[in-house]
There are 4 protein chains.
Amino acid sequence: MVKIKIGVIGVGRIGKMHIKNIANLRDQFEITAISDPNNPELAQIAEDYHIQKFSKDYHDVLSGDVDAVVIASSTNTHAKIITAAAKAGKDIMCEKPIDTDIERIKKVLKVVDDNGVILQIGFNRRFDHNFRKIHDYVVDGTIGNPHIIKVSSRDPEPPSYDYVKVSGGLFSDMMIHDLDMVRYLSNSEVVEVYANGAVLVDPEIGKLGDIDTAIVSLKFANGALGVIDNSRQAVYGYDQRAEVFGSKGQAFSENDKNSNVELDLNDGGHLDKIPYFFIDRYVQTYVDEFKEFYKTIVNQTEPIVTGLDGLRAVQLAQACQKSLETHEPVKL
Amino acid sequence: MVKIKIGVIGVGRIGKMHIKNIANLRDQFEITAISDPNNPELAQIAEDYHIQKFSKDYHDVLSGDVDAVVIASSTNTHAKIITAAAKAGKDIMCEKPIDTDIERIKKVLKVVDDNGVILQIGFNRRFDHNFRKIHDYVVDGTIGNPHIIKVSSRDPEPPSYDYVKVSGGLFSDMMIHDLDMVRYLSNSEVVEVYANGAVLVDPEIGKLGDIDTAIVSLKFANGALGVIDNSRQAVYGYDQRAEVFGSKGQAFSENDKNSNVELDLNDGGHLDKIPYFFIDRYVQTYVDEFKEFYKTIVNQTEPIVTGLDGLRAVQLAQACQKSLETHEPVKL
Amino acid sequence: MVKIKIGVIGVGRIGKMHIKNIANLRDQFEITAISDPNNPELAQIAEDYHIQKFSKDYHDVLSGDVDAVVIASSTNTHAKIITAAAKAGKDIMCEKPIDTDIERIKKVLKVVDDNGVILQIGFNRRFDHNFRKIHDYVVDGTIGNPHIIKVSSRDPEPPSYDYVKVSGGLFSDMMIHDLDMVRYLSNSEVVEVYANGAVLVDPEIGKLGDIDTAIVSLKFANGALGVIDNSRQAVYGYDQRAEVFGSKGQAFSENDKNSNVELDLNDGGHLDKIPYFFIDRYVQTYVDEFKEFYKTIVNQTEPIVTGLDGLRAVQLAQACQKSLETHEPVKL
Amino acid sequence: MVKIKIGVIGVGRIGKMHIKNIANLRDQFEITAISDPNNPELAQIAEDYHIQKFSKDYHDVLSGDVDAVVIASSTNTHAKIITAAAKAGKDIMCEKPIDTDIERIKKVLKVVDDNGVILQIGFNRRFDHNFRKIHDYVVDGTIGNPHIIKVSSRDPEPPSYDYVKVSGGLFSDMMIHDLDMVRYLSNSEVVEVYANGAVLVDPEIGKLGDIDTAIVSLKFANGALGVIDNSRQAVYGYDQRAEVFGSKGQAFSENDKNSNVELDLNDGGHLDKIPYFFIDRYVQTYVDEFKEFYKTIVNQTEPIVTGLDGLRAVQLAQACQKSLETHEPVKL
């Protein structure tokens with residue numbers, strides 16, 4: 001089994017999780033370099049994981065003994081680092097979003113294309129056991145032609161006000177995952193969106209110019225219809241469900257639960273809680289996205305999440321925002 | 001226990017079912033008269049159910065020994081029969097819709113109001129054990145303020161082309177039940193609709209000017225958002241689910257199944273089918289709507305489905321149709 | 001459709017329920033006579049249900065215009081009434097148990113046999129949608145050869161002490177249903193039982209010489225093993241589940257619930273209660289046993305519950321009691 | 001956070017899995033030595049995992065820089081290695097069973113006790129999310145006093161004939177896990193067993209003197225009753241369920257499934273498969289048992305699975321075998 005030498009650029013919370021997960025994929029990867037401009041524990045992390053090289057400067061990773069890089073730095077650095085990595089001939093796994101500017105994303109994708117490297121985007125939910133199963137049922141024809149695609153996605157608690165101020169809004173910071181998911185589950189492209197939004201969870205979010213509850217109605221190129229609903233606060237935990245209805249049947253996923261124990265008392269049945277948030281709920285996806293990244297590199301196949309997927313998600317989020325503002329459907 | 005003497009006007013498929021169900025409610029009702037202009041078995045039915053009086057003419061029911069009447073005749077006769085029954089001082093249980101003309105409905109409701117009789121409309125799904133439970137959780141505050149209301153409603157097979165030609169379209173003949181349901185579940189009024197529609201099941205339906213798949217996005221007076229999805233053909237049976245998400249939690253219903261048996265074979269688990277169509281799925285609601293009608297009459301309380309509910313559902317269906325045609329949201 | 005004229009002997013709680021259910025099967029049955037030695041409302045019931053004849057004496061039913069009779073009188077009268085009905089050439093539906101004395105049951109069955117009438121015993125659970133589905137999977141070979149049969153059966157509350165004193169004990173008054181069920185589900189005969197019993201619910205039950213908790217281990221003629229567990233008090237309601245495991249897979253049933261609504265709050269998921277006791281849980285079986293009785297008479301086929309089934313259940317209950325007392329396995 | 005230096009003795013399939021899992025618990029453990037008399041890849045494994053020392057001889061592990069050891073060697077070496085490790089003052093995590101000879105186990109436990117080291121036995125299922133949740137409901141009083149304890153445990157396929165010849169039989173090689181589980185779930189001791197066994201899966205297993213299907217009826221010191229059923233072949237996968245019924249309610253676990261997706265087609269609902277066997281089903285337990293082992297060492301608390309638990313399981317398995325052979329209940 002070929003081992004890929006990999007560098008990790010950006011060692012914050014997500015970067016550290018990636019290092020841990022990649023380190024455990026011993027047969028597939030060897031982490032040879034890491035960089036972060038600010039993390040004071042970088043040397044310690046390098047020692048703990050037996051990583052040879054560490055630096056404040058990501059150029060040191062790119063010039064190191066690496067076949068591929070993971071980009072988990074802040075969003076505003078993604079474009080330039082992808083560009084540099086592509087020019088250095090490294091395969092790339094980059095956290096979403098690629099950028100917030102559509103034109104800049106297109107330029108980045110051209111550089112990737114020109115340099116013939118692989119670019120996989122971190123829409124990790126595509127690697128979830130539930131959503132992947134539904135996707136398989138669509139792709140293998142089990143449910144026939146898709147007619148209706150539905151995604152429910154609700155966070156357990158709103159982000160901080162500081163985050164809301166700079167996030168670009170619910171569609172860009174939260175629904176972007178679901179906009180990618182409906183593309184993945186429908187096996188088609190979204191051609192029109194219509195967005196309803198409301199401030200129901202916290203008036204302060206409204207004062208900051210954002211919404212906390214949204215329902216987006218969708219039309220797909222294959223004729224199917226779809227809907228996504230989002231809330232920034234589901235008090236029962238991180239609600240993540242999807243459903244595809246087609247000409248031969250439907251597939252839908254229930255939320256995972258912390259255990260499959262039912263407790264029966266004199267007031268009825270009780271089920272265990274669902275995982276509280278994405279780190280718990282999607283723990284397996286963060287491993288599997290690297291297993292798939294490995295296969296993609298070794299077999300030189302197309303990633304499960306391409307750069308184009310990264311572009312489309314940003315375009316869709318911006319279309320939703322426009323629909324909300326104009327109170328009209330928006331074509332893509 | 002007071003027994004209500006009741007007449008049944010219109011003895012087609014639904015009328016016969018009502019007769020059977022009411023006859024089984026021996027403690028509450030005595031059927032004393034039935035009428036139908038065409039049913040050749042009317043005398044036999046009267047004999048089987050020990051009903052004293054039967055006639056081709058509904059006026060004979062109204063002039064008979066009846067406290068209340070059930071109107072299960074064709075839609076285009078509802079307005080005039082309600083009017084006559086109200087003037088005769090009879091309490092009324094009428095099948096939906098009251099009429100297809102908004103102004104005519106308003107006139108009918110005024111007559112009912114002027115004569116002080118009870119009018120209950122046959123939106124039987126409000127009496128379903130699942131939807132009623134969700135409604136209770138909303139009304140008693142268990143789930144807090146409603147934020148998102150979702151209804152999935154899909155028939156097992158499309159109606160005949162002849163029916164499609166005259167039905168008034170999917171919103172009027174099918175989604176009208178769901179438009180009533182979201183009002184019931186939200187405990188609020190719909191203030192805006194936006195409709196997407198498609199012809200995915202059968203192109204012939206499209207040629208007849210109708211759609212077979214629809215997603216309607218909703219806004220409610222209490223600020224909540226909602227969505228209804230409809231398909232005229234779910235090959236796995238009559239799909240009837242609902243969900244209300246609120247500030248304190250959510251309640252959602254799964255489909256009933258013919259049995260609660262799980263079969264585990266080497267290809268995975270297998271569950272029993274869901275009931276095929278409304279007669280099977282909602283069998284209990286057709287009984288319970290008469291139990292409630294009885295209580296309403298005896299206690300002189302407001303029915304669970306009022307004449308106003310009947311009016312609103314028609315208004316909403318027409319607004320959806322307008323939204324589909326204009327490709328714009330429609331306010332109510 | 002041929003209508004069977006039927007009489008009901010014994011009009012207590014269960015007898016009244018049968019009258020109501022049979023009356024609703026208008027196409028199949030006409031109730032022509034009822035009898036009860038004590039019920040003061042007999043005349044009123046006859047009037048309500050348009051029954052021609054009523055009497056304190058069951059002989060009046062047998063001599064009336066009846067093709068078949070339902071015996072719902074007290075257990076100690078079953079043997080003599082079955083005998084009389086059989087000699088009068090009437091088909092018989094009799095509540096369980098036939099009798100508590102094995103030899104007397106055998107004599108009764110011989111009379112039934114000699115007179116060529118149909119005898120169906122009221123083990124109503126065989127008509128349950130869940131257990132019937134499991135049975136079908138066994139009989140049609142879906143799960144292969146049965147290896148393990150399991151039944152859980154727990155009442156919501158213990159019977160009165162007065163009842164415990166005379167019931168013959170848990171095996172005879174409660175587990176008898178489950179002993180019949182394992183025969184039905186295994187499609188085989190029990191050849192050995194081993195019983196463990198305990199007094200865990202209420203010490204008073206122990207003082208009266210009975211137990212309130214039991215686990216019986218079983219061997220079947222086809223080689224399969226089985227187990228039944230009983231408790232006189234499941235505080236969450238009437239727990240009724242079964243499972244058959246075989247060479248090709250397994251089938252098991254969950255408890256029915258009052259609704260299929262899941263409520264998600266910040267302390268986890270909540271399910272609706274299960275039906276409180278047998279009248280609610282098995283409401284459909286009491287109707288279906290008469291639908292089947294009708295078919296049996298019209299087609300002259302073997303009942304789903306035969307007199308032999310009635311005998312076997314009593315034999316098994318007595319064997320369990322013996323095993324409990326001797327602390328040894330008991331062969332049949 | 002204190003790091004425990006740990007050695008692994010026995011690097012077969014399970015030993016390798018432990019090395020991988022422990023290596024991923026970087027904050028808790030550092031693997032400093034491994035030994036195996038036969039594994040030709042030992043040097044490579046040591047290199048891959050950055051382990052300083054490796055040897056054919058377990059004494060080299062015990063004399064190395066280790067605070068604790070994992071014993072995953074063959075069963076017949078457990079007793080002597082535990083003894084040596086205890087005398088060397090090392091805390092011990094040992095795979096089950098400790099030994100097959102009751103007297104030898106007792107001697108080993110005395111040595112452990114005399115040397116004041118911690119001994120944790122590898123009954124990994126106690127660390128399962130489902131069973132642990134049920135256990136918690138018992139211990140915290142949620143379900144009241146336990147009355148009935150049930151465990152279903154079925155392998156997806158029988159072991160090889162070679163294994164059957166030497167395993168000591170179904171009770172010792174398979175049910176031993178479940179005998180430990182009922183002690184864990186009941187929070188009590190088994191005081192009597194009665195075993196039924198059968199050869200239903202494969203006659204060859206019978207010819208080798210073993211059974212492949214078993215039901216064991218149990219009595220507990222706290223008065224509760226219990227039952228375990230085992231099959232060596234569940235064609236639908238590794239069936240692992242448990243249930244505790246008590247005075248205040250019950251808790252039961254369903255099987256985990258590979259995904260929570262329901263597929264609805266025109267023949268009914270379809271669920272995903274359950275994990276095929278223990279490596280998949282219990283993957284998390286093999287990690288969590290080391291997390292708990294760590295806490296036990298650091299806090300000097302009693303392990304979740306003690307040496308006494310290891311002894312009891314062997315005693316119970318032998319009692320079941322005796323009951324099967326004598327066809328009588330066996331007291332402990």
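How many bridges join strand S13 of chain A to S12(D), and do the two run parallel or antiparallel? In this predicted model, four bridges link strand S13 (residues 261–265) of chain A to S12(D), and the pair is antiparallel. One of the residue pairs can be picked out in the structure above: Val261(A) has Ser253(D) as its bridge partner in S12(D).

The strand pairing belongs to a broader meeting of chains A and D. In that interface, 28 residues of chain D are in contact with 28 residues of chain A. On the chain D side, at least two residues each come from helix H6 (129–139), strand S12 (249–253) and strand S13 (261–265). Sorted by class, the side of chain D that touches chain A holds twelve polar residues, nine charged residues and seven nonpolar residues.

The arrangement of the two copies can be described by a simple operation. Chain D is superposed on chain A by a rotation of 180 degrees with 0.0 Å of shift along its axis, and the RMSD is 0.0 Å. Chains D and A are therefore related by a two-fold axis. A handy landmark for finding this axis is Asn24(D), whose C-alpha lies 3.3 Å from it, the closest approach of any residue of chain D. Both copies use the same surface, as 100% of the contact residues of chain D recur in chain A.

Chain C offers a second pairing to inspect. A turn of 180 degrees, with a shift of 0.0 Å along the axis, lays chain C on chain A with an RMSD of 0.0 Å. Here the landmark is His270(C), which comes closest to the rotation axis among the residues of chain C, at 2.3 Å for its C-alpha. Once more the same surface serves both copies, with 100% of the contact residues of chain C recurring in chain A.

Within chain A itself, the domain assignment gives domain 1 (4–117) and domain 2, which is made up of two segments (129–281 + 307–331). The C-alpha centres of domain 1 and domain 2 of chain A are 28 Å apart. Each domain of chain A gives nine residues to the contact between them. On the domain 1 side, the residues that touch domain 2 of chain A comprise six nonpolar, two charged and one polar. Strand S13 of chain A, with which this passage began, covers residues 261–265, and the 129–281 segment of chain A is assigned to domain 2.

Notes
Residues numbered from 1 in each chain as written. Chains lettered and ligands numbered in written order. Predicted model: local features only at pLDDT ≥ 70, side-chain atom pairs only at ≥ 80, totals over all residues. Contact = placed C-beta atoms within 7 Å. Nonpolar A, V, L, I, M, F, W, Y, C, P; charged D, E, K, R; others polar. Pairing = 2+ DSSP bridges. Least-squares fit on C-alpha atoms with pLDDT ≥ 70 in both. Domains from an automatic or database assignment.
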